[in-house]
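Let's take a friendly walk through a protein and look at the spaces inside it. Keep the picture open beside you as you read, and follow along one stop at a time.

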Amino acid sequence: MANDRFLKACRREPVDAVPVWFMRQAGRYLPEYRKVRARHSFLEVCRTPELAARVTLQPVARLGVDAAILFSDILILVEAMGAPVEFPEGRGPVLGRLARDRSDLDYLRVPDPLADLAFVLEAIRILRRELAGRVPLIGFCGLPFTLASYLVEGGKPRDFRKLRTLMRDSPKVYSALMDKLARAVTASADAQLAAGAQAVQLFDTWAGALEPADYEAWVLPYTRRVAEGINRRGAPLIHYAGDCRRLLPLLRTLPVDVLAVDRSVPLDEAAQAVGPSFALQGNLDPEALLKPLPELEAAAAEVLRRGRAAAGHIFNLGRGILPETDPEAARSLVEAVHRLGSKRRG
Ligand code: CP3
C-alpha cells in the first residue's frame with residue numbers, strides 16, 4: 001500500500017501517524033551497508049546507480065521509515081563542477097582544488113546534470129521503479145554556503161577563517177562563487193525532480209556559523225535564488241540548517257514547505273518563531289539512539305509533544321545518525337514514533 005504520510009505532512013495535511021526518516025539513514029551503522037562498502041569505495045557506491053539504489057533501500061527495508069533518501073553526497077555536485085573530492089577512510093572529505101581567488105573560479109563550471117550527473121538521475125529512476133510507490137523518494141543538494149565552505153576551506157570547515165576573509169576582502173569573488181554554486185544547485189535539484197524525486201532537501205549544515213546579520217547579507221539571497229529557481233513540479237522543498245535557532249526569523253522568509261531544525265531549538269519554540277506556514281522536521285538528538293529503549297522512547301515522546309505545536313511534523317534527528325547506532329534501536333524508534341504519534345491532525 002502506498003505510504004504518503006511524509007508528503008502529506010510536508011504539505012501540512014492531516015496524517016494517520018507522524019512520518020519519520022533519519023538523516024544519513026543509509027550508512028555505516030548498517031551491517032548491510034558495511035558489506036557493500038567492504039567491496040566498493042564510498043565514491044564508487046555514489047557513482048554506480050545500482051549500488052546507490054541498493055544502499056538507499058537498505059534502511060527502508062530494515063527500519064520501516066516513511067521516506068527513502070537518495071544515497072549520494074552534497075559534494076558530488078562540487079566534483080561535477082570540476083573540484084575533485086576524496087573521502088579518506090575515517091576523516092572528513094578532502095577537496096583537491098580550492099576556490100579562493102578569481103582565477104580559481106575559472107575552472108568551476110555549472111554542470112549539465114543530464115551529462116555530468118547522469119548516474120544520480122539513473123539511481124533515482126531505478127529507485128522509483130523499485131520503490132513502486134511504497135514510500136516517497138527524497139532528492140537533495142547542499143546549499144551554496146555549505147558547498148562554498150568546503151571549496152574555500154578545503155575540507156570540513158573548522159573556524160571558517162578563509163571563507164570570512166574571502167567575504168570581507170574579495171566580496172566580488174565571493175559573490176561570483178556563490179552565484180555559480182546557486183546555478184549548479186538549482187540545475188541539480190531540478191534534474192532530480194524531473195527524474196522522479198518526490199521532494200528535495202536543501203542542506204545548509206554550516207549556516208549557523210554566521211551571525212544572523214551576516215547570514216542575511218551573505219547567504220540568504222543565494223538560498224532564496226535557489227528555492228525560487230527550482231521547478232518544483234508540485235514537490236515539497238525542505239530546508240535544513242545546522243545551529244538554526246537564531247536564523248529562524250530569516251528562514252521563515254524562504255519559499256520552502258518544510259524547515260528542518262537541529263537540536264539548537266525545541267520544536268514548539270521553532271513553530272512559534274516561524275508561524276503556521278511551515279511544517280517542521282526534526283529534531284531528536286542522535287545520541288538518544290545510544291540510550292536504553294525507555295529513555296529513547298521518552299526522548300522521542302518529548303519531541304513528538306513539542307512537534308504538535310507545528311503546522312505539520314516530520315520526525316527526524318537534529319543531525320545525521322551516528323555510526324555507532326544499533327540498527328535495532330533505530331527500528332524501535334520508528335515503531336515508537338508511529339505508535340506515539342498516531343492520528344496526528346493537520
Ligand atoms: O542521508 C542519507 O542517508 C543520504 C546520503 C547523504 C550522505 N551525505 C552520505 C554520506 C547525505 C544527504 C549527505 C549530506 C552531506 N554530506 C552533508 C549535509 C548533511 C550533514 O550531515 O550535515 C554534508 C556536510 C556532507 C559532507 C560529508 N560527506 C562529510 C562531512 C562526510 C564525512 C563524515 C562522515 O560521516 O563520514 C561525508 C561522507 C559521507 N556522506 C558518508 C555517507 C554515508 C560516509 C562515507 C562512508 O565512509 O561510507
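How many nonpolar, polar and charged residues are there in the lining of the largest pocket? Sorted by class, that lining holds 23 nonpolar, 11 polar and 12 charged residues. Before going further, please keep in mind that what you see is a predicted model.

Let's stay with this pocket for a while. The largest pocket holds about 1500 Å³ of space. It is lined by 46 residues, and those closest to its centre are Arg-24, Arg-28, Asp-73, Tyr-150 and Gly-320. Try finding helix 2, which runs over 31–39, and helix 9, which runs over 144–153: these are the elements that give two or more residues to the lining.

What takes up the space of the largest pocket? The ligand does. Around the ligand you can find 20 residues, and the closest are Arg-24, Tyr-33, Arg-37, Asp-73 and Thr-205. If you sort this shell by class, you get 13 nonpolar, three polar and four charged residues.

Now zoom in on some individual contacts. Arg-24 takes part through its backbone, where an N or O atom lies 2.7 Å from an oxygen atom of the ligand. Ala-26 also uses its backbone, with a polar atom 3.4 Å from an oxygen atom of the ligand. With Thr-205, look at the side chain instead: an N or O atom there is 2.7 Å from an oxygen atom of the ligand. How much of the ligand does the protein bury? On its own the ligand exposes 860 Å², and the protein buries 88% of that.

Next, move over to the second largest pocket, which has about 190 Å³ of space. Its lining includes Arg-263, Val-265, Pro-266, Asn-283 and Arg-306. Two elements, strand 8 (279–284) and helix 16 (293–307), each supply at least two of the lining residues. Helix 16 gives the largest share, with four residues. By class, the lining of this second largest pocket divides into seven nonpolar, one polar and four charged residues.

While you are at this pocket, take a second look at Asn-283, which lies in strand 8. The peptide bond that joins Gly-282 and Asn-283 is cis, with an omega of about -15°. Why point this out? Because most peptide bonds are trans.

There is also an enclosed space to visit. How many cavities of 30 Å³ or more does a search of the whole structure find? The search finds one. The largest cavity has about 140 Å³ of space. Of the 17 residues that line it, Ser-72, Asp-73, Phe-140, Ser-188 and Gln-192 are the closest to its centre. The elements that give two or more residues to this lining are helix 5 (75–80), helix 8 (118–131), strand 4 (137–142) and helix 11 (171–195). Its residues divide into 12 nonpolar, four polar and one charged. You may recognise Asp-73 from earlier, as one of the residues closest to the ligand.

For a last stop, go back towards the start of the chain and find Arg-12, in the loop between helix 1 (5–10) and helix 2. Is the phi of Arg-12 positive or negative? Its phi is near 65°, a positive value in a residue other than glycine. That deserves a second glance because most residues other than glycine have a negative phi.

Note on methods:
Residues numbered from 1 in each chain as written. Predicted model: local features only at pLDDT ≥ 70, side-chain atom pairs only at ≥ 80, totals over all residues. Heavy atoms only, no water. Near = heavy atom within 4 Å. Polar contact = N/O pair within 3.5 Å; in protein donor to acceptor, adjacent residues only side chain to side chain. Areas by Shrake-Rupley, 256 points an atom, 1.4 Å probe, with all protein chains shown as cover. 1 Å grid on protein atoms, 1.4 Å probe; cavity = no way out; pocket = protein on both sides within 12 Å on 5 of 7 lines; lining within 4 Å. Sits in = over half its atoms within 2 Å of the grid points. Nonpolar A, V, L, I, M, F, W, Y, C, P; charged D, E, K, R; others polar. Points joined across faces, edges and corners; volume = space filled by probe spheres on them.
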